[in-house]
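Here are a few short exercises to work through with the model open beside you. Try each task on your own before reading its solution.

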Amino acid sequence: MSTKIPFAPPDITQKEIDAVVKVLKSGWITTGPETKHFELELATYCHNDKAICLNSATAGLELVLRIFDIGEGDEVITTPYTFAATANIILHVGAKPVFVDVKPGEFNIDPVMIADAITPRTKAIIPVDFGGFPVDYDEIYQAIDNKKNLYQPSKNTWQTKIDRPLLLADSAHSLGATYKNKPIGSVADFTVFSFHAVKNLTTAEGGAVLFGDVGDLKSQKIYKQLSLLSLHGQSKDAYSNYEAGSCYYSIELAGYKYNITDIASAMGRVQLSRYKDILQKRKTLYNEYIRIFHDNPLHSRLIIPPFDSPDKQGSHHLFPLRIDGFSETDRNKLIEVLATHGLATNIHYIPLPMQPFYKRLGYHINYYPEAFAMYCNEISLPLYSKLTMADINTVQEIFIKALKKA
Ligand SMILES: *Cc1c(COP(=O)(O)O)cnc(C)c1O
């Protein structure tokens, strides 16, 4: 068969191209006015005070840990069911990732087990809205609150400005999702979005951190600190100097190099202006998968991914289908067969305790049986805004034919 259905190509229109060309011709291509506008528009979209745009979600997650001096001797709780970035950044700052299993039969972290894992060393919790489906934020806040008495901030750091571990959401998948009618981006203390090429809204590479006031810290102060850390600790960004025609700047600390370019921000602004439509298309395609699989005689073998619930509207980033009774080997074989028929699929995710590096650190998948159960029979089908209803039907036909043979 000559069908070729890719997994997640970007949705780029002439509008993004025009916006990028305009920046290229403007004489200012790195962080500048487009980025400032993009930040304001994102904050408005998420009903929150502030957004800072950076060159990746990974950078955003790391910088939030850094502004609170989370590091050596500290623990950060997260899920094993995620991309490496979520836990790698905990190691980058010198803290210890503490994995907490997912809820039985679900892709998202278990709030009850979070409460059990909190110790006096716990400084932050990083849940992941898997596939764009929000975690149980109220239950996670409740778990944090129940263990508040254990919290031991380090002196002379921002840790003393709050009275409990931080809730830092890895919302790389969930821009546009809502939790109890509140937009993701205004639910956790800090929310980090990714604009990587495969994400719902893309700038090729990019990310943003959303926040309001946190504890005794005002959002403006947090913004300033994140800006400093993202660009070599420079008190004034290059654009302000350029505008003012002055060349004076001071280095306040040894910052990093995590700023986003105006080329990327211009692309992001167009994507955000189109985002309502992009989300709607994804939702329609997602629901079409569900309808078509429901009507199939083999549907009792399929475990359909989470629907929207009254409290949670997802952003339909992935379609993570599972096959009842399949082992890891069965699933891997099926993926190969699908590929020979021109259908690109993916696994979300190989739990981090199964990765060689994390194994060497002493983690073991046996302690995360629910994550393993979700992983071993999971196949993510193509889902992107440019997919057509006809494509969905083709995917379904190829998939069911291969499944029958398996
Ligand atoms: C993509 C992704 C990231 C990293 O995003 P970048 O912008 O590439 O740094 C982090 N967490 C999850 C769950 C992701 O899917």
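**Exercise 1. Describe the fold in outline: how many helices and strands are there in the protein?**

Solution. Start with the secondary structure: the protein, seen here as a predicted model, has 14 helices and 13 strands. Next, take the overall dimensions. The C-alpha trace spans about 70 × 55 × 40 Å along its principal axes. Finally, test the radius of gyration against the globule rule. A compact globule of 406 residues would have a radius of gyration near 22 Å, and the protein has 22 Å, so the two agree.

**Exercise 2. Locate the ligand and describe the shell around it.**

Solution. First find the site: the ligand sits in the largest pocket. Then list its neighbours. There are 16 residues around the ligand, and those that come nearest are T58, D170, H173, S194 and K199. Now sort the shell by character: six of its residues are nonpolar, eight are polar and two are charged. Last, ask which helices contribute. Both α3 (57-67) and α4 (84-92) supply at least two residues of the shell.

**Exercise 3. Find side chains that place an N or O atom close to a ligand oxygen, using a cut-off of 3.5 Å for a polar contact.**

Solution. Take three side chains in turn.

- H173: an N or O atom of this side chain is 2.7 Å from an oxygen atom of the ligand.
- Y349: here the distance from a side-chain N or O atom to a ligand oxygen is 3.1 Å.
- K199: a polar atom of the side chain lies 3.3 Å from an oxygen atom of the ligand.

To complete the picture, consider how much of the ligand is covered. On its own the ligand has 380 Å² of accessible area, and the protein covers 92% of that.

**Exercise 4. Inspect the backbone at Y349 and at D69: which peptide bond is cis, and which residue has a positive phi although it is not a glycine?**

Solution. Begin with Y349, whose side chain appeared in the previous exercise with an N or O atom 3.1 Å from a ligand oxygen. Y349 is found in the loop between α11 (328-340) and α12 (356-360). The peptide bond leading from H348 to Y349 is cis, and its omega is near -10°.

Then move to D69, in the loop between α3 and β2 (75-78). D69 is not a glycine, yet its phi is positive, at about 50°. Note that α3, at one end of this loop, also supplies at least two residues of the ligand shell.

How values were computed. Residues numbered from 1 in each chain as written. Predicted model: local features only at pLDDT ≥ 70, side-chain atom pairs only at ≥ 80, totals over all residues. Heavy atoms only, no water. Near = heavy atom within 4 Å. Polar contact = N/O pair within 3.5 Å; in protein donor to acceptor, adjacent residues only side chain to side chain. Areas by Shrake-Rupley, 256 points an atom, 1.4 Å probe, with all protein chains shown as cover. 1 Å grid on protein atoms, 1.4 Å probe; cavity = no way out; pocket = protein on both sides within 12 Å on 5 of 7 lines; lining within 4 Å. Sits in = over half its atoms within 2 Å of the grid points. Helix = DSSP H or I, 4+ residues; strand = E, 2+ residues; numbered from the N terminus. Nonpolar A, V, L, I, M, F, W, Y, C, P; charged D, E, K, R; others polar. Rg over C-alpha atoms; globule rule 2.2 N^0.38 Å.
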